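This report introduces selected features of one protein structure to a reader who has not met it before. The sequence and the structure are shown first, and the description follows.

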Amino acid sequence: MSETWQRALFWLGGILVCGLALWLMSGILLPFAAGFAIAYFLDPPCDRLERLRLPRGAAALVVLLGFFLAVALVLLVVVPLLETQIVDLVRRFPQFVDMARADLNSLMGFFQERLSPEDYAKLRDAVGAKLGDAFSWLGRLLQGILGGSIAFFNILSLAFVTPIVAFFLLRDWHRIVGRVDSWLPRPHAATIRAQAALVDATLAGFIRGQATVCLLMAVFYATGLSIAGLDFGLVIGLLVGVLIFIPFLGGAIGAALALLLAATQFASWTPVVAVAGIFVVGQAIEGNLLTPKLVGERVNLHPVWVIF
């Protein structure tokens, strides 16, 4: 067997072993992955403090305290507003179900008058089956997110383990990078370093740009829907802001929810059209201005490629 094939089999075996290990430990990786992500994005400000003659450990502590303090302040401002709207949404959810059922019965009556009994029976069975599947899927989703001891364990681990992991990784970041660099095969070390630097710049630029887009669009939708008088506009706006990184799908989910709520809340079609207009304008701003400028330029992609 040639040396090239031996090297290829070695790397393939290493990748398979690492993949198996990650799969076996997937249940406990969440706080470590979150801590690594925090340390990765907080390393630049920590380096700046270190250049100001602040010890690395103290710089890591200051940066992390500032980061978590900022997160806590945002939560203190946003959570009470969200809590009020979410509680109201849960309280009024049966009313929405009754309204949707009444609209569905009216629509089915419309088809009953125009279809033969056999065709109407087929349509009714199909609609009932699809609605049952949808509610069953929604129930499984909520149970998976909120139920069981795993969700409770993840919350505790994120709250208590992640900051500790992030601190130690941030404090020893350059030492860890140096150790990984020492493992590189010397003949290819320069090429690997260059490619890693390119990946680092592209990944950091993309995520920071996308995070900026999500934040701006969350503010836009939450403000616009609240001004339009839509109940739960803040919740819908923040939800769209979180999902907007998924092209088209995030905006489509938010628009569908907002239009459904608007149709059940308002007696006339004018506010519903206003809500639809907010999403049309938001999608135009996000797709033609924010994403190409904030994401495309950071990853050195032409705006047309980003839109594509």
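Leu20, Trp23, Leu24, Met25 and Ile28 together form a nonpolar surface patch of about 560 Å². The model described here is predicted. One member of the patch, Met25, is located in the loop between helix 1 (3–24) and helix 2 (30–51).

Two residues, Met25 and Leu257, may be set side by side.

| Residue | Location | Relative accessible area |
|---|---|---|
| Met25 | loop between helix 1 (3–24) and helix 2 (30–51) | 38% |
| Leu257 | helix 9 (residues 249–265) | 33% |

Met25 counts as partly exposed because its relative accessible area of 38% falls between the limits of 20% for buried and 50% for exposed residues. Leu257, at 33%, is likewise partly exposed. Leu257 and Val240 are 17 residues apart along the chain, and their C-alpha atoms are separated by 9.9 Å.

A further feature is the second largest pocket, which holds about 690 Å³ of space. Its lining consists of 21 residues, and those nearest the centre of the pocket are Tyr40, Trp173, Val177, Ala196 and Asp200. At least two lining residues come from each of helix 2, helix 6 (173–182) and helix 7 (189–227). Helix 7 makes the greatest contribution, giving 10 residues to the lining of this pocket. In terms of residue class, the lining of the second largest pocket comprises 16 nonpolar and five charged residues, with no polar ones.

How values were computed:
Residues numbered from 1 in each chain as written. Predicted model: local features only at pLDDT ≥ 70, side-chain atom pairs only at ≥ 80, totals over all residues. Heavy atoms only, no water. Patch = residues over 30% accessible without salt bridge, like charges linked within 9 Å, V, L, I, M, F, W, Y side chains within 5 Å. Areas by Shrake-Rupley, 256 points an atom, 1.4 Å probe, with all protein chains shown as cover. Salt bridge = Lys/Arg side-chain N within 4 Å of Asp/Glu carboxyl O. Helix = DSSP H or I, 4+ residues; strand = E, 2+ residues; numbered from the N terminus. Buried < 20%, exposed > 50% of the residue type's maximum accessible area, 1.4 Å probe, protein only. 1 Å grid on protein atoms, 1.4 Å probe; cavity = no way out; pocket = protein on both sides within 12 Å on 5 of 7 lines; lining within 4 Å. Points joined across faces, edges and corners; volume = space filled by probe spheres on them. Nonpolar A, V, L, I, M, F, W, Y, C, P; charged D, E, K, R; others polar.
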